[in-house]
Amino acid sequence: MDLLNTLVDKGLRRELPTREEALAVLATTDDELLDVVAAAGKVRRHWFGRRVKLNYLVNLKSGLCPEDCSYCSQRLGSKADILKYTWLKPDEASKAAAAGLAGGAKRVCLVASGRGPTDRDVDRVSETIKAIKEQNEGVEVCACLGLLSDGQAERLREAGADAYNHNLNTSEGTYGEITTTHTYADRVDTVQKAHAAGLSACSGLIAGMGESDEDLVDVVYSLRELDPDSVPVNFLIPFEGTPLAKEWNLTPQRCLRILAMVRFVCPDVEVRIAGGREVHLRSMQPLALHLANSIFLGDYLTSEGQAGKADLEMIADAGFEVEGADQVTLPEHRAQAGGGCGSHAGAGGGCGSHEDAGAGCGSHEGGGVCGSHEGGSVCGTAAAVPAATEPRTDLVAVRRRGAGTDLAPNA
């Protein structure tokens with residue numbers, strides 16, 4: 001296809017595709033899907049080889065969020081039967097992080113529900129960051145705490161944080177229809193605060209609520225403009241007890257097209273498959289490794305992922321290798337330009353993969369992105385993409401182990 005040849009050439013030159021080209025990727029047929037994966041795979045391998053970066057989530061504070069993000073199991077009014085607990089102590093969080101690092105993770109993502117941290121919360125997280133770094137040489141730490149106030153990003157950086165995650169989730173034009181308690185501009189402001197403080201910015205999206213192709217392209221182009229080091233791609237986990245519990249709009253093929261489009265628009269950025277990959281990609285997960293160079297190991301914030309051992313076997317069977325702590329994640333030109341995690345050995349990319357979408361407010365499983373399906377709810381104008389099979393509700397498992405419990409974590 002001429003389209004794919006053009007996109008590969010642009011990806012190797014870091015040239016931005018046109019919106020029409022990005023939309024055309026999402027509109028390809030199932031017969032063309034393997035060609036799309038192969039083309040985006042060339043771009044992925046050019047910038048990241050066959051390395052897969054492993055990240056591990058530690059949910060520092062679960063549930064009881066005052067924000068009303070429609071997709072989130074921790075939202076205000078959620079009836080989802082998730083774990084609810086207040087702040088983990090630094091030694092508890094460090095112990096949880098150690099399990100993921102022992103399983104091969106390079107990055108620890110510290111996440112807390114809520115609109116954003118108080119100054120006391122920043123003190124708590126700073127103590128946790130120091131504890132983790134003292135006990136684990138070379139570990140990268142990304143904080144995901146919601147909306148930041150002035151000076152908080154600098155304090156996290158001083159405490160040793162490498163990165164900060166805050167996802168945009170969806171396009172500016174439709175954001176108000178998935179969340180009313182904060183704005184899209186609030187999210188952009190927090191990403192910019194992280195950048196300004198010298199943290200590696202991590203910001204991504206959430207797909208799967210029936211959003212139009214235009215919505216997806218809008219948010220990915222906005223992310224390209226913000227220029228984060230890493231872009232997590234979440235797929236909605238429709239939790240019972242949330243407004244979007246019945247939204248099953250994704251197929252494995254749709255997920256692969258979305259990841260390919262993100263890779264073409266953000267060719268030299270760490271693209272991470274985040275929450276929902278097991279639920280929606282299912283047996284197609286190995287193909288997604290040809291598009292993304294980063295995944296989460298084990299469980300998510302409030303939902304369970306596949307076994308950590310299975311993640312490692314999948315990576316090896318697909319012909320990829322786990323990125324080592326001594327390897328630089330980002331290409332040289334980004335590493336030299338950016339600083340922050342992912343830009344040098346011992347640094348890294350960012351989290352934001354929570355089934356909750358992304359840290360603090362608006363970070364909750366399932367992710368974001370607005371939609372426009374027939375019948376209405378959420379936003380947008382296009383009809384939802386029909387699912388090829390019945391919803392796999394059996395794959396949505398609430399996390400009952402790891403942080404906040406007495407059971408061993410999945411790592």
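Me: Which strand gives the most to the lining of the largest cavity?
Reply: Strand S1, residues 51–61, with four residues. A strand here is a DSSP E run of at least two residues, a helix an H or I run of at least four, both numbered from the N terminus.

Me: Anything to know about the model before we go on?
Reply: Yes, this is a predicted model, where local features need pLDDT of at least 70 and side-chain atom pairs 80 or more, while totals for chains, interfaces and linings use all residues. Residues are numbered from 1 along each chain, and side-chain values use heavy atoms, without hydrogens and water.

Me: Cool. How many cavities are there of 30 Å³ or more?
Reply: Three. A cavity is a set of points on a 1 Å grid over the protein atoms where a 1.4 Å probe fits but can't get out, and lining residues have an atom within 4 Å of a point.

Me: What volume does the largest cavity have?
Reply: About 110 Å³, a volume being the space filled by probe spheres set on the points, joined across faces, edges and corners. It is lined by 13 residues, and the closest to its centre are Tyr56, Leu57, Arg399, Gly402 and Ala403.

Me: How does that lining split by class?
Reply: The largest cavity has seven nonpolar, three polar and three charged residues in its lining. Asp, Glu, Lys and Arg count as charged; Ala, Val, Leu, Ile, Met, Phe, Trp, Tyr, Cys and Pro as nonpolar; the others, Gly among them, as polar.

Me: What about pockets? What volume does the largest pocket have?
Reply: The largest pocket has about 250 Å³. A pocket is an open set of points with protein on both sides within 12 Å along at least five of seven lines.

Me: And which residues line the largest pocket?
Reply: Among them are Leu88, Glu92, Lys95, Thr405 and Pro409. Gly402 and Ala403 line the pocket as well, and those two also turned up among the residues closest to the centre of the largest cavity. By class, the pocket lining has seven nonpolar, three polar and two charged residues.

Me: New topic: how many aromatic pairs are there in the whole structure?
Reply: Two aromatic pairs come out of the search. In one of them, the ring centres of Tyr175 and Tyr184 are 6.2 Å apart and the planes sit at 65°, so that pair is edge-to-face. To pair, centres must lie within 6.5 Å; planes under 30 degrees apart are stacked, over 60 edge-to-face, the rest tilted.

Me: Are Tyr175 and Tyr184 buried or exposed?
Reply: Both are buried. That word means under 20% relative accessible area with a 1.4 Å probe; exposed is over 50%, and partly exposed is in between.

Me: Where is Asp227 found?
Reply: Asp227 is in the loop between helix H8 (213–226) and strand S7 (230–235). Its phi is near 60°, a positive value in a residue other than glycine. Asp227 has 37% relative accessibility, so it counts as partly exposed.

Me: And where's Arg282?
Reply: Arg282 sits in the loop between helix H10 (277–280) and helix H11 (285–288). Though not a glycine, Arg282 has a positive phi of about 50°. At 21% relative accessibility, Arg282 is partly exposed.

Me: Last one: which helix does Ile132 lie in?
Reply: Helix H5, residues 119–135. Ile132 is at 0% relative accessibility, so it counts as buried. Ile132 and Ala97 are 35 residues apart in sequence, with their C-alpha atoms 7.3 Å apart in space.

Technical notes:
Phe/Tyr/Trp six-rings, centres within 6.5 Å; stacked < 30°, edge-to-face > 60°.
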